[in-house]
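Please open the structure in your viewer and keep the selection tool at hand. The tour below moves from one selection to the next and says what is found at each stop.

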Amino acid sequence: MKLLVFILIIALLFRWEKLSTARKFILIFIIILLWSYKNVPTANLDIVPKPQTMELVGGRDCRINSKTVIEVKDSVNQFNAKYLQSYLRNEFEGDFKIVDEKDKNKIELLIDENLAEEGYIIDVMRGCVRIEGGTEKGVFYGIQTLLQMLPADVYKKDNDKRIRALRVPKMTIEDSPRFAYRGMHLDVSRTFFDAEYIYKFIDALAYYKINNFHWHLTDDQGWRVEIKKYPKLTEMGAWRGAYEVLKPAYASGMERNGGYYTQEEIKSIVKYAADRNINIIPEIDLPGHSKAVAVTYPEILCDIDAKHYSVQWESNNVWCVEREENYAMLEDIIAEMAELFPSKIFHIGGDEVNMDSWKECPKCQALMKEKGMTEVVELQNYFVRRLENILSKYGKTMGGWDEIIDGGALRPETVVYAWASPERGIESVRQGHPTVMQIAQYMYFDMKQSKDERGLQWAGVTSLEKAYSFDPIGNFDLTEEETKLVMGPQGGCWAECLQVKDYVDYQVFPKLLALSEIGWCEQGERDYEDFQRRLYGAQYARLYAMDFKFRVAPPEVVYQDGLLMAKADNDILTIRYTEDGAAPTIKSEKYRKPIKTQEPEKYRFATFYKDRSSIARGAQNIELHHYLKPSTTVESNIPFFEDINRLVDYDLNTYCFTAREVGDGDYIKFTFAEPVECQSIGMCTGYYNLAVYGIMNGYIEYSYDGENYHRGERFVYDIFDGYRAYCHPEKPVKSVRIVIDGISEHEVNGVQDLRIE
Ligand code: TNX
């Protein structure tokens, strides 16, 4: 169109003199008409989740413009109308009055009881868009689909670029979800996210038609819900720090930090979510994962001396099963929370309990005897069933992680959240429980997305494609009854490795969109390539406008035959690179063709979406560092779980964990057989390649003669390497010492091999 107008103007310039005045006017009018036509954007149809059917009818487009009104009948759809109005006002010049009488230019919101509860139909006709839903929920989802047709800026907070009109092709969309339960889980204990972020997160869930938010409110690293009867839970249990009862963990640092939601805040959030068709399922994680309670009310623990660690190296974080007062306290807590959360499901955790303390607790052992139990896991079942009973008193159905099916039967209606494997989900379904499929290997968004990115990897490296491939039902030969028990998928984001909300954004987006399609679309209708096309064609722009710091896929980089080659995930991304090992910025050189070099280790590449960068990476098929491996001996006053000689095999994959907390006065000393000539010596602590369980306070020092030491750096936190310290000797080095001079986070710490270059 632009070209047409341009040619017309040029042609006219040549013939202008010869035209009559009347013709001049007509032509100018035509040009203006064409120009303004061109300036009206067209609706985006790359919708996520992809609607079940979308049929274009043809003919003249419908226009939404500043004169369009929103028509609703009676008191129905009042919230929906206001919600739609606020977004339209954000994007268009216009008022979008809400009316109840007929108008020609309108968006009409209606209920058609013949449609599925969350189903809707959008009819785009000449002057009007009609959204009909089975209930107001369906209408709300119709509105979400319509919003996705608008320019991406509709989602931008206080958008300042308003359009006059939008052309929407005539069409009919018929849509409804595959699963009634479509959930997203967020851990706010390991890292606290304030209410403002929770609102923003809920908005995104609504945009992508996810209808359950599983709020993981308590864990070892913080109790986040105000309980009036037990104020210490949040006064003390919501704050970590060197001088708090709850100690630093997962790089939370020395300073007091944390937070919680007041009951008033929770009420507002729950209401906000409910308006957007989102049910909030609260979780208090019991009987394990309870360090935050244990440090504030230590009497809840078994009265024993021994330390028993959880898989996350948290000692003594399990409630005593026998102690009757514990159930009274839990009932008090549940009673307050049942008021705050209208959700039918109330989640009590139940995962990863180290039952060793029960084995040693005389009272728990007496209880086992009294009840005729032979296995300690039956105590867990006893605890869980007590909670089922309490919850049912408050009208709630219990939800719990898949361990709750171990050790004995439960009420059939109890909802199991399967996480460990698809098979665990199927086991639960076969036991007759409604089951939510949050299978870690696909649905844990805290996993790494490729080898050199941040994140956990105990459930594997989980790419977007892998997540998208998840089918909650799978090929398990389920009966019809069993199939019905699969409630739907849930994405999960644990937050121990995500210290700030930007990292949550990175892990969750765009995977949340994959979750959205898994929950909404029929399995046979899903196609990864088409999903990716819609992501790049439309959805990234939307996530950008929503201001989520989503993941930009890093480039694939290989070094072959003397050439460095980089490939982006999609053509709309640009690749930039540096030649000095630094992370590329938006100003770095653009990558256009393979780079000939004999020093590939020095190059770093990153992809860019607008001003957003991926992580920087070097060639993935070569070693980027050539660490020296001198013959070395090591000694320390600290006891280690593993053989300390692992620290001098110079294999970064074999490292050691301290068998106790480290503190002032602890040291590790490395002595080289021959003095080593090098430019730098570094020590990274914590898990290799995962910035947690590191040593917080201390420094590295080095000696040329094995007796006199020079100070190197203190440990500083790095998001890839964890707490690390380097030194830069000027002569060959005889020995290196790690000197610890203050408290550390966690009860154990990882120590890695020296990195000598
Ligand atoms: C396992 S899954 C846990 C969480 C961790 C998560 C990390 C589950 C029910 N428990 O406590 O945060 O792994 O991926």
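Domain bounds, as used here, come from an automatic or database domain assignment. The model on screen is a predicted one, and a convenient way to begin is to colour the protein chain by that assignment, which gives domain 1 (2-38), domain 2 (53-175), domain 3 (183-545), domain 4 (556-613) and domain 5 (632-756). If you then place a centre on domain 1 and another on domain 5, taken over C-alpha atoms, the two centres are 76 Å apart.

**The ligand and its shell**

Select the ligand next, together with the residues around it: there are 14 of them, and the closest are Arg 190, Asp 351, Tyr 444, Asp 446 and Glu 496. Coloured by class, this shell shows 7 nonpolar, 2 polar and 5 charged residues.

Now display the side chains of three of the closest residues. At Asp 351, a polar side-chain atom lies 2.8 Å from a nitrogen atom of the ligand. At Asp 446, an N or O atom of the side chain is 2.7 Å from an oxygen atom of the ligand, and at Glu 496 a polar side-chain atom is found 2.8 Å from a ligand oxygen atom. How much of the ligand's surface does the protein bury? Taken alone the ligand exposes 360 Å², and 99% of that is buried by the protein.

**The cavities**

Turn next to the empty space inside the model, where a search of the whole structure finds 3 cavities of 30 Å³ or more. For the largest, which has a volume of about 50 Å³, select Arg 454, Gly 455, Cys 497, Asn 689, Leu 690, Ala 691, Ile 719 and Phe 720, the residues that line it. By class, this lining divides into 5 nonpolar, 2 polar and 1 charged. Keep the domain colours on while you look: domain 3 (183-545) and domain 5 (632-756) both contribute residues to the lining of the largest cavity, so this cavity lies between them.

The second largest cavity holds about 50 Å³ of space, and to see its lining you should select Leu 301, Cys 302, Ile 304, Asn 316, Asn 317, Val 318 and Ser 357. Here the division is 4 nonpolar, 3 polar and no charged residues.

**Backbone details**

The last stops concern the backbone, so switch to a view in which the peptide bonds can be followed. Select Leu 286 and Pro 287, which are joined by a cis peptide bond with omega at about -15°; Pro 287 is in the loop between strand S16 (279-286) and helix H8 (291-294). Then move to Phe 509 and Pro 510, where the peptide bond is also cis, with omega near 10°, and where Pro 510 has its place in the loop between helix H17 (501-508) and helix H18 (511-520).

Finish at Phe 96, a residue other than glycine whose phi has a positive value, near 50°. To find Phe 96, follow the chain into the loop between helix H3 (78-91) and strand S4 (98-99).

Definitions and conventions:
Residues numbered from 1 in each chain as written. Predicted model: local features only at pLDDT ≥ 70, side-chain atom pairs only at ≥ 80, totals over all residues. Heavy atoms only, no water. Near = heavy atom within 4 Å. Polar contact = N/O pair within 3.5 Å; in protein donor to acceptor, adjacent residues only side chain to side chain. Areas by Shrake-Rupley, 256 points an atom, 1.4 Å probe, with all protein chains shown as cover. Nonpolar A, V, L, I, M, F, W, Y, C, P; charged D, E, K, R; others polar. 1 Å grid on protein atoms, 1.4 Å probe; cavity = no way out; pocket = protein on both sides within 12 Å on 5 of 7 lines; lining within 4 Å. Points joined across faces, edges and corners; volume = space filled by probe spheres on them. Helix = DSSP H or I, 4+ residues; strand = E, 2+ residues; numbered from the N terminus.
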